[in-house]
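Work through these exercises with the sequence and the model open. Try each task before you read its solution.

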Amino acid sequence: MNRLSKKLTIAFFIVSFISMGIMVLLARGIFNIMLSFYFPGEFMMNMMMTPSTGVSAERFIQALNISYILAGLVSIVISFLSGYLVVLFITRPIRELSKAAERIANGDLSERVRVKTDDEIGKLAISFNTMAASLEQTEQNRKAFHADIVHELRNPLTVARCRLEAMLDGIVSPSKQELESINNELLLLTRLITDLRDISLAANGQLKLQQQETKFPTFMIRIVEETKILANEKGILLTCSVDPAIPKLKVDRERVSQVMHNLLSNAIRHTPGGGRIVVEVKNDREQGVVVSVQDTGTGISEAELDKIFERFYRVDPSRSRSSGGSGLGLAIVKQLIQLHDGKVWAESQPGKGSKFSFSIPVKQ
Ligand code: ADP
């Protein structure tokens, strides 16, 4: 018998023992009162005075007392046994839950318990199953994330090593072009490691923002101006429209420019030459300051839109990787904006373009 069952059974036993004892004592008292009520005075006197009837009256009361005590003892035994069965029945789901919890603690995250009732224990079982499912999902995500990290880090390393080995073996000459491509792989590796560090710091709540009061319109115009060179190189027209009435905002400038850099470099990467990118910064009464980056690029299908903010998710893995995409850019954007208590979202029409927006609340 486990400890809870033992405690409940002993509790049942004590309660039934006390109630039986009280019943016997009360019954004796009540019986005497009833006797004098129904047979006032003379009955008891007559009974006691007449030796023969006095003896039988005394024995009658004695027999009655013994019957009470025996009935009390039998009912204690019966209530103890039925109490024990009830305890076993009540504690069975708790025992199942406890075994399932032990199996989960030993690493079997697929463990679930059957929900048989809709009482408190049934609700506990539902919560337990929800918790187990979420643990299993988190574990799967963790494994997938680790596998992705290994894969992503190995890729540029392998490419750079192969090129270096080819040079060492004299298969290719160490030309400027070769060295440049090795440098690009190393740059990609560096970016990946920085992105990974940011992601894990943010996920653990250790990414601290250095928020400063910022004149947001001028700040945004400067970021867009800095990116114009990249857009112009590809023949893309990058314009910016900023509502001058935007109030001062408390933001981490470095992190917000990282967000803008990710969104703008994505837009440039996915927009063909001759296309257009428009950055709009406006005030929204409910959401605060809303920034959007709209392009006339390839666009994203509805099904993909839900997933692009996930870590390592790429719509076209091979194309993204070859153009330097790590699949972490939007995941970082999401986390950095969330750290500013803001929201980020995307709208898109495949073939026509995409619009990525984020909001930062204005705090008084
Ligand atoms: P990456 O570093 O590979 O670009 P991101 O997390 O920044 O990773 O983006 C995830 C995916 O979302 C990309 O693989 C890309 O296919 C898609 N994407 C992001 N921005 C755009 C955009 N402006 N236009 C079209 N697709 C985009």
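**Exercise 1. Place Glu225 and Lys228, then describe how their side chains interact.**

Step 1. Start with location. Helix H6 holds both Glu225 and Lys228, and they sit three residues apart, about one turn of the helix. Keep in mind that this is a predicted model.

Step 2. Check the distance. The two side chains meet in a salt bridge, at 3.1 Å from N to O. The cut-off for such a pair is 4 Å.

Step 3. Check exposure. Glu225 is partly exposed, with a relative accessible area of 43%. Lys228 is also partly exposed, at 24% relative accessibility.

**Exercise 2. Find which parts of the chain the salt bridge of Arg255 links.**

Step 1. Identify the partner. Arg255 forms a salt bridge with Asp198, and their closest N and O atoms are 3.2 Å apart.

Step 2. Place both ends. Arg255 is in helix H7, while Asp198 is in helix H5 (residues 176–203). The pair links distant parts of the chain, 57 residues apart.

Step 3. Ask about solvent: are Arg255 and Asp198 buried or exposed? Both are buried. That puts each under 20% relative accessible area.

Step 4. Look for further partners. Arg197, Asp198 and Arg255 are linked in a network of salt bridges.

**Exercise 3. Explain why the salt bridge of Glu136 and Arg112 ties together separate parts of the sequence.**

Step 1. Confirm the pair. The side chains of Glu136 and Arg112 meet at 2.7 Å, N to O. The structure holds 12 salt bridges.

Step 2. Locate the residues. Glu136 lies in helix H4 (residues 120–168), and Arg112 lies in the loop between helix H3 (51–105) and H4, so the bridge ties together parts that are 24 residues apart in sequence.

Step 3. Check exposure. Glu136 is partly exposed, with a relative accessible area of 24%. Arg112 is partly exposed too, with a value of 32%.

**Exercise 4. Describe the packing of H6 and H7.**

Step 1. Choose the descriptors. Two packed helices are described by the angle between their axes and the distance between the axes.

Step 2. Apply them. Helix H6 (residues 216–233) packs against H7 at an angle of about 40°, and the axes are 10 Å apart. The crossing is right-handed.

Step 3. List the contact. H6 contributes Phe216, Phe219, Met220, Ile223, Thr227, Leu230 and Ala231. H7 contributes Arg253, Val256, Ser257, Met260, Leu264 and Ile268.

Step 4. Sort by class. The contact has 10 nonpolar, two polar and one charged residues.

**Exercise 5. Lay out the sheet strand by strand.**

Step 1. Write the order. Five strands form an open sheet, E2-E4-E5-E7-E6, with mixed pairing.

Step 2. Mark the edges. Strand E2 (237–242) and strand E6 (343–349) each pair on one side only. On average, neighbouring strands are turned by 15° against each other, direction ignored.

Step 3. Follow E4 into E5. A hairpin joins E4 to E5 through three residues. Strand E4 (residues 276–284) and strand E5 (residues 288–295) pair in the antiparallel sense over eight bridges. Asp284 stands opposite Gly288 in E5, and the bridge partner of Val278 is Gln294.

Step 4. Continue from E5 to E7. These strands run antiparallel, joined by six bridges. Gln294 stands opposite Lys355 in E7.

Step 5. Judge how enclosed E5 is. Seven of its eight residues are buried, so E5 is largely enclosed by the rest of the structure.

**Exercise 6. Add the helices that lie against the sheet, then inspect the loop after H10.**

Step 1. Place H7. Helix H7 (residues 253–269) lies across E2, E4, E5 and strand E7 (353–360). Its direction is at about 25° to E5.

Step 2. Place H10. Helix H10 (residues 329–339) packs on the sheet, touching E6 and E7. The directions of H10 and E6 make an angle of about 140°.

Step 3. Inspect the loop. Asp341 lies between H10 and E6. Asp341 has a positive phi of about 65°, although it is not a glycine. With a relative accessible area of 49%, Asp341 is partly exposed.

Notes. Residues are numbered from 1 along each chain as its sequence is written. This is a predicted model: local features need pLDDT of at least 70, side-chain atom pairs count only at pLDDT 80 or more; totals for chains, interfaces and linings use all residues. Side-chain values use heavy atoms; hydrogens and water are left out. Two strands pair if DSSP finds at least two bridges between them. Helices (H or I, at least four residues) and strands (E, at least two) are DSSP runs, numbered from the N terminus. Axes are lines fitted to C-alpha atoms, for helices over the stretch in contact, and angles run from 0 to 180 degrees between N-to-C directions. Contact means heavy atoms within 4.5 Å. A crossing is left-handed if the near helix is turned anticlockwise from the far one by less than a right angle, and right-handed if clockwise. Ala, Val, Leu, Ile, Met, Phe, Trp, Tyr, Cys and Pro count as nonpolar, Asp, Glu, Lys and Arg as charged, and the others, Gly among them, as polar. Buried means under 20% relative accessible area, exposed over 50%, partly exposed in between (1.4 Å probe, protein chains only).
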